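Reader: I have a chain in front of me and a list of terms I do not trust yet. Could you take me through them, giving the reason for each?

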Amino acid sequence: MARIVIQEPSPTGGRRVRVDGTILGLAHSDRDVLEFLRRAGLPDADGLLDDPAWVEWRGGQPHDYDEGGLSSA
């Protein structure tokens, strides 16, 4: 099971990010996700976002943060 879960885009945009069940925040870009992971102790997380062993993208397309699937990365 992936340690990092990026929830489906919210109706107002952004995706909730969880690590080991703890909510880290609402990301509006990959940059936000990487900052949350850095603060959680994963400073070299750049390569993890596309690794299904680490990250589970729920709902919508990976790297899309806005309602309707438009990427703001």
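Author: Start with two strands: β2 and β3 pair in the antiparallel sense, over five bridges. Keep in mind that this is a predicted model.

Reader: What makes β2 and β3 a pair?

Author: The rule asks for at least two bridges between two strands. β2 and β3 have five bridges, so they count as paired. Within this pairing, V17 stands opposite G25 in β3, and V19 stands opposite T22 in β3.

Reader: What lies between β2 and β3?

Author: Two residues, and the strands form a hairpin. D20 lies in the loop between β2 and β3.

Reader: What makes the phi of D20 worth a remark?

Author: Most residues other than glycine have a negative phi. Phi of D20 is near 50°, a positive value in a residue other than glycine. H63, in the segment after β4, has a phi near 75°, again a positive value in a residue other than glycine.

Reader: How do you know whether H63 is buried or exposed?

Author: Buried means under 20% relative accessible area. H63 has 19%, so H63 counts as buried.

Reader: Which term fits G59?

Author: Partly exposed is the class between 20% and 50%. The relative accessible area of G59 is 40%, so G59 is partly exposed. G59 is found in the segment after β4. Leaving out residues up to four places away in sequence, G59 touches E8, P9 and R15. G59 and G21 are 38 residues apart in sequence, and their C-alpha atoms are 17 Å apart in space.

Reader: How do the strands line up in the sheet?

Author: The sheet is open and has four strands, in the order β3-β2-β1-β4.

Reader: Why are β3 and β4 called edge strands?

Author: β3 (22-27) and β4 (55-57) each have a single partner strand, so one side of each is left without a neighbour in the sheet. Neighbouring strands of this sheet are turned by 20° against each other on average, direction ignored.

Reader: Why is the pairing of this sheet called mixed?

Author: Strands of a sheet pair through backbone hydrogen bonds, either parallel or antiparallel. Here β1 and β2 pair in the antiparallel sense over three bridges. In contrast, β1 (residues 4-6) and β4 run parallel, joined by three bridges. The sheet therefore has mixed pairing. For examples of bridge partners, V5 has R18 in β2, and I4 has V55 in β4.

Reader: Which residues of β2 are on the covered face, and which on the uncovered one?

Author: The covered face of β2 has R15, V17 and V19. The uncovered face has R16 and R18. In a regular strand the side chains alternate between the two faces of the sheet.

Reader: What lies across the strands?

Author: Helix α1 (residues 30-39) lies across β1, β2 (15-19), β3 and β4. Helix α1 runs at about 150° to β3.

Reader: In what order do the elements of the chain run?

Author: The chain has one helix and four strands. From the N terminus on, the elements run β-β-β-α-β.

Reader: What makes the chain as compact as a globular protein of that length?

Author: The globule rule gives 11 Å for 73 residues. The radius of gyration of the chain is 11 Å, close to that value, so the chain is as compact as a globular protein of that length. Along the principal axes, the C-alpha atoms fill a box of roughly 30 × 20 × 20 Å. Of the 73 residues, 37% count as buried. The chain exposes about 4,400 Å², and carbon and sulfur atoms supply 49% of it. Among contacts between residues at least 6 apart in sequence, 46% join residues at least 24 apart.

Reader: How many aromatic pairs are there?

Author: The count comes to one aromatic pair.

Reader: Why is the pair of W57 and Y65 called edge-to-face?

Author: Two rings pair if their centres lie within 6.5 Å, and planes over 60 degrees apart count as edge-to-face. The ring centres of W57 and Y65 are 6.1 Å apart and their planes stand at 75°, so the pair is edge-to-face. Both W57 and Y65 are buried.

Conventions. Residues numbered from 1 in each chain as written. Predicted model: local features only at pLDDT ≥ 70, side-chain atom pairs only at ≥ 80, totals over all residues. Heavy atoms only, no water. Phe/Tyr/Trp six-rings, centres within 6.5 Å; stacked < 30°, edge-to-face > 60°. Buried < 20%, exposed > 50% of the residue type's maximum accessible area, 1.4 Å probe, protein only. Axes fitted to C-alpha atoms, helices over the stretch in contact; angles between N-to-C directions. Contact = heavy atoms within 4.5 Å. Rg over C-alpha atoms; globule rule 2.2 N^0.38 Å. Areas by Shrake-Rupley, 256 points an atom, 1.4 Å probe, with all protein chains shown as cover.
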